[in-house]
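Hi there,

Here is the structure I promised to pass on. Please have a look when you get a moment, and my notes follow just below it.

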Amino acid sequence: KKDAEELKAALLLLQNEIEEYNLCGSSKEVVIHVAGYITKKIISKFKCSLCQEVLQTNKISSPYIGILSRGGLTEPSENMAEYVCSLFCTLDIICQ
């Protein structure tokens, strides 16, 4: 039980650090690219129209993504991009 409480406290501290952590512009573009790849894999595996509506958008969010895309990249929704961004931030904080 003590270990569980310590883990919970550590996760709360990590969550606070993630909320204060910001990626630079070029890192965000890479995260959006990775989030698009994850989105494409999820959509192709589950073939769910609701999943597609929630995870994907049709607008190009950055010129970098537009250049890379050439029409073939999946553009993640803002929520999906933010989720993947928080995962990247978590890894950055843990690996420091």
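Below is what turned up, starting with confidence and moving on to the core and the cavity.

Please keep in mind that this is a predicted model. The chain has a mean pLDDT of 76, with 73% of its residues at 70 or more. Helix H1 (residues 2-20) is where confidence is lowest, at a mean of 65, while E2 has the highest, at 86.

Now for the packing. Seven residues make up the largest nonpolar core: Val31, Ala35, Leu55, Met80, Val84, Cys85 and Cys89. At least two of these core residues come from H2, and at least two from helix H5 (78-95). H5 is the top contributor to this core, with four residues. One residue to click on is Val84: leaving aside neighbours within four places in sequence, Val84 is in contact with Val31, Val34, Ala35 and Ile38.

On to the cavity. There is one cavity of 30 Å³ or more, and the largest cavity holds about 30 Å³ of space. Its lining consists of Ile32, His33, Gly36, Tyr37, Ile65, Leu73, Thr74, Glu75 and Pro76. Helix H2 (25-46) and strand E2 (75-76) are the elements that give two or more residues to that lining. H2 provides the largest share, four residues. Sorted by class, the lining of the largest cavity has five nonpolar, three polar and one charged residues.

If you open just one element, H2 would be a nice place to start: H2 supplies at least two residues of the largest nonpolar core and the largest share of the lining of the largest cavity.

Best wishes

Definitions and conventions:
Residues numbered from 1 in each chain as written. Predicted model: local features only at pLDDT ≥ 70, side-chain atom pairs only at ≥ 80, totals over all residues. Heavy atoms only, no water. 1 Å grid on protein atoms, 1.4 Å probe; cavity = no way out; pocket = protein on both sides within 12 Å on 5 of 7 lines; lining within 4 Å. Points joined across faces, edges and corners; volume = space filled by probe spheres on them. Nonpolar A, V, L, I, M, F, W, Y, C, P; charged D, E, K, R; others polar. pLDDT = per-residue confidence, 0-100. Core = buried A, V, L, I, M, F, W, Y, C linked by side-chain atoms within 4.5 Å. Buried < 20%, exposed > 50% of the residue type's maximum accessible area, 1.4 Å probe, protein only. Contact = heavy atoms within 4.5 Å.
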